[in-house]
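Pull up the structure and get the sequence beside it. We'll walk through it piece by piece, beginning with a cysteine.

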Amino acid sequence: MQPRELDKQAAIEEHHWWFRARRRLLKSGFKFSLKRTQAEILEIGAASGGNYSVCRQFGNYHALDLSTYALDICRRKGIVNRIHSDACSIPRDAKSFDVVVAFDILEHIEEDQKALEEIFRVLK
């Protein structure tokens, strides 16, 4: 995503219906499925870190993005665990995460099968 678009997203994501609905679904899914209260959570394509507020309630959040600009926005939001990478080569050990979140991102990855294999590899 281009820096200008990331800035726009960061400005509206707290109150925009789309992002609010997505966070409600995410929170509901976590409440239903997470057995642990301190899960290791990876978000691929974190962009401006809009899901951080929900994810941090359930564990240790890691924001992965290909854009250094996006990761700088995440840093300004207080997100400590930032990973500069793409989804096809996640620089973490196998079975590192309890949850991997990837909203609106897989359809933009040319090697989507490779990305899914990487996601499977890093999941516990």
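Is C55 buried or exposed? In this predicted model, C55 is buried, because its relative accessible area is 0%, and the cut-off for buried is under 20%. C88 is also a buried residue, with a relative accessible area of 14%.

Now for the sulfurs. The structure holds zero disulfides. For C55, the nearest cysteine sulfur belongs to C74 and is 11 Å away. For C88, the nearest cysteine sulfur is again that of C74, at 19 Å. A disulfide needs two cysteine sulfur atoms within 2.5 Å, so neither C55 at 11 Å nor C88 at 19 Å from the sulfur of C74 makes one.

Before going further, a word on confidence. The protein chain has an average pLDDT of 94, and 99% of the residues score at least 70. If you compare the elements of the chain, the lowest mean pLDDT, 90, goes to helix α1 (residues 3-12), while the highest, 98, goes to strand β3 (residues 81-84). As a rule of reading, where pLDDT is low, the predicted coordinates should not be taken in detail.

Next, the strands. Strand β1 covers residues 39-44, and five of its six residues are buried. One of its partners is strand β2 (residues 59-65): β1 and β2 run parallel, joined over six bridges. To find your place along that pairing, look at A39, which stands opposite G59 in β2. β1 also pairs with strand β4 (residues 99-101), again in the parallel sense, this time over three bridges. Here you can use E43, whose bridge partner in β4 is V101.

So what packs around these strands? In soluble globular proteins, nonpolar side chains tend to be buried together. The largest nonpolar core here has 16 residues, and F30, I41 and Y61 touch the most other members. Elements giving two or more residues to this core are α2 (17-33), β1, α3 (52-55), β2 and β4. The largest share comes from α3, which supplies three residues.

I41 is a good residue to click on. Leaving out residues up to four places away in sequence, I41 touches F30, C55, F58, G59, N60, Y61, H62, F97, V99 and V101. That list brings back C55, the buried cysteine from the start, and V101, the β4 partner of E43. There is also a second, separate core of 13 residues, and its members include L64, F97, A115 and V122.

Time for the aromatics. There are three aromatic pairs, and one of them is formed by Y52 and Y61. The ring centres of Y52 and Y61 are 5.3 Å apart, with 50° between the planes, and the pair is tilted. An angle of 50° gets that label because stacked is kept for planes under 30 degrees apart and edge-to-face for those over 60. Both tyrosines are buried: Y52 has a relative accessible area of 16%, and Y61 comes in at 3%.

One last stop is S67. You'll find S67 in the loop between β2 and α4 (68-76). Is S67 buried or exposed? S67 counts as buried, because its relative accessibility of 15% falls under the 20% cut-off. Setting aside residues up to four places away in sequence, S67 touches L6 and H84.

Conventions:
Residues numbered from 1 in each chain as written. Predicted model: local features only at pLDDT ≥ 70, side-chain atom pairs only at ≥ 80, totals over all residues. Heavy atoms only, no water. Buried < 20%, exposed > 50% of the residue type's maximum accessible area, 1.4 Å probe, protein only. Phe/Tyr/Trp six-rings, centres within 6.5 Å; stacked < 30°, edge-to-face > 60°. pLDDT = per-residue confidence, 0-100. Helix = DSSP H or I, 4+ residues; strand = E, 2+ residues; numbered from the N terminus. Pairing = 2+ DSSP bridges. Contact = heavy atoms within 4.5 Å. Core = buried A, V, L, I, M, F, W, Y, C linked by side-chain atoms within 4.5 Å.
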